[in-house]
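Please open the structure in a viewer and keep the sequence panel at hand. The tour below proceeds by selections, each followed by an account of what is found there.

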Amino acid sequence: MECRHCGSPLEKPGDFCLVCRTGNTDTVVLEAARDRATLTMLDDETRLGETTITTAPEEGDLEVVEFRNFASLLGDELRRKRPEEVYAAGDRDVIQAVREDTHYAFYRVEDDDPVAAVLERRGDRALDVVETAPADKLGGSHTTLIGGRTGMRAIQTVAGHPHVKKVIPGPIDAGGTGSQSGLRAKVTRADDGGNVRMLLRDGSSVQENRIVTTARDRELGEVVREDLNEALLEAGLREE
């Protein structure tokens, strides 16, 4: 394959061009199992190619090194592409390890055919992308968050989504039912305007936080909601 900008040869389909310093892949879809993972490179609606990486799972002390090497190889492939978006399906442990290795924002996609599911969602790209840093999306008159640092981590997790414009914490209700499970978070169904709310629970305290999105209607708001709940689940904060 050649770079679609300058025509320079690329070692693998969809690689970032080191000659003209431009990308050739806008989206990578990662289908991960514990012993095998496939990355499919997309440019708009065109499939540029795919790469499959396998590993032989070890046991005991050797598993730590083997698993880390597997995640690192997958991370290397992502870094070769420098995509704008990464969608992932499959083994959560593998996805989380690759996510930590690369620091890309991952969007979870659940489907028997993840690539087809992502292509179906291309219309969601019409949603405006908010470039504001997560910390700058926090607003409103209530500045206190329940859960301390964990509560702030939940807020930053949802604020990091590109289709979230603002997170507005609400008042704290201390009259709920007590729980020993620590802080838990859940994003509720979207309203007609595409906005959602995140409930934070910590012991007997509950806080409802309004999340303003770039979605224009309930249907697109539900897409954002699913992404946010998946992000909270992978961060270990999701309330079932």
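Helices in this tour are DSSP runs of type H or I with at least four residues, numbered from the N terminus. T157 lies in one such run, helix α4. The model is a predicted one.

**Stop 1: T157 and its surroundings**

Select T157, in helix α4. With a relative accessible area of 21%, T157 is partly exposed, because that class begins where the buried class, under 20%, ends. Next, display the residues around T157: apart from its neighbours within four places in sequence, T157 is in contact with A231, L232, A235 and L237. Add P134 to the selection. P134 and T157 are 23 residues apart along the chain, and their C-alpha atoms are separated by 8.1 Å.

**Stop 2: the sheet beneath α4**

Extend the selection to the whole of α4, residues 148–159, which lies across β6, β7, β8 and β9 (205–213). The direction of α4 runs at about 160° to that of β8. In what order do the 4 strands of this open sheet stand? The order is β6-β9-β8-β7, with antiparallel pairing. The edges are occupied by β6 (164–173) and β7 (184–187); each has a single partner strand, so one side of each is left without a neighbour in the sheet. From one strand to the next, the twist averages 20°.

For a closer view of one edge, select β7 together with strand β8, residues 196–202. The two run antiparallel and are joined by 4 bridges. Within this pairing, V187 has M198 of β8 as its bridge partner.

Now add helix α5, residues 218–234, which also packs on the sheet. Helix α5 touches β6, β7, β8 and β9, and its direction makes about 165° with that of β7.

**Stop 3: α5 against α2**

Keep α5 displayed and bring in α2. The axes of these helices come within 11 Å and cross at roughly 90°. That angle makes α2 roughly perpendicular to α5. To see the contact itself, show the side chains of R92, I95, Q96 and R99 on α2, and of E230, A231, L233 and E234 on α5. By class, this contact has 3 nonpolar, 1 polar and 4 charged residues. A231 also belongs to the surroundings of T157 visited at the beginning, being one of the residues in contact with T157.

**Stop 4: α2 against α1**

Hide α5, retain α2 (residues 92–102) and select α1 (residues 61–81). How is such a pair to be read? Two packed helices are described by the angle between their axes and the distance between the axes. For α1 and α2, the axes come within 8 Å and cross at roughly 60°. The result is that α1 is oblique to α2. The crossing in which α1 passes α2 is right-handed.

Next, show the residues that meet here. From α1 come F67, F70, A71, S72, L74, G75, L78 and R79, and from α2 come D93, V94, A97, V98, D101 and T102. The residues of this contact divide into 8 nonpolar, 3 polar and 3 charged.

**Stop 5: strand β1 and its partners**

Turn to β1, residues 27–32. Is this strand mostly covered or mostly open? It is mostly covered, with 5 of its 6 residues buried.

Select strand β2, residues 36–43, which pairs with β1 in the antiparallel sense over 6 bridges. A hairpin of 3 residues joins β1 to β2. Within this pairing, V28 has M41 of β2 as its bridge partner.

Then select strand β4, residues 85–90. Its pairing with β1 is in the parallel sense, over 6 bridges. Here the bridge partner of V29 is Y87 in β4.

**Stop 6: two arginines with positive phi**

Two backbone positions complete the tour. Select R21, in the segment before β1. R21 has a positive phi of about 60°, although it is not a glycine. At 49% relative accessibility, R21 counts as partly exposed.

Finally, select R82, in the loop between α1 and β4. R82 also has a positive phi, of about 50°, and is not a glycine. With a relative accessible area of 39%, R82 is partly exposed.

How values were computed: Residues numbered from 1 in each chain as written. Predicted model: local features only at pLDDT ≥ 70, side-chain atom pairs only at ≥ 80, totals over all residues. Heavy atoms only, no water. Axes fitted to C-alpha atoms, helices over the stretch in contact; angles between N-to-C directions. Parallel < 35°, antiparallel > 145°, perpendicular 65-115°, else oblique. Left-handed = near helix turned anticlockwise from the far one by under 90°. Contact = heavy atoms within 4.5 Å. Nonpolar A, V, L, I, M, F, W, Y, C, P; charged D, E, K, R; others polar. Pairing = 2+ DSSP bridges. Buried < 20%, exposed > 50% of the residue type's maximum accessible area, 1.4 Å probe, protein only.
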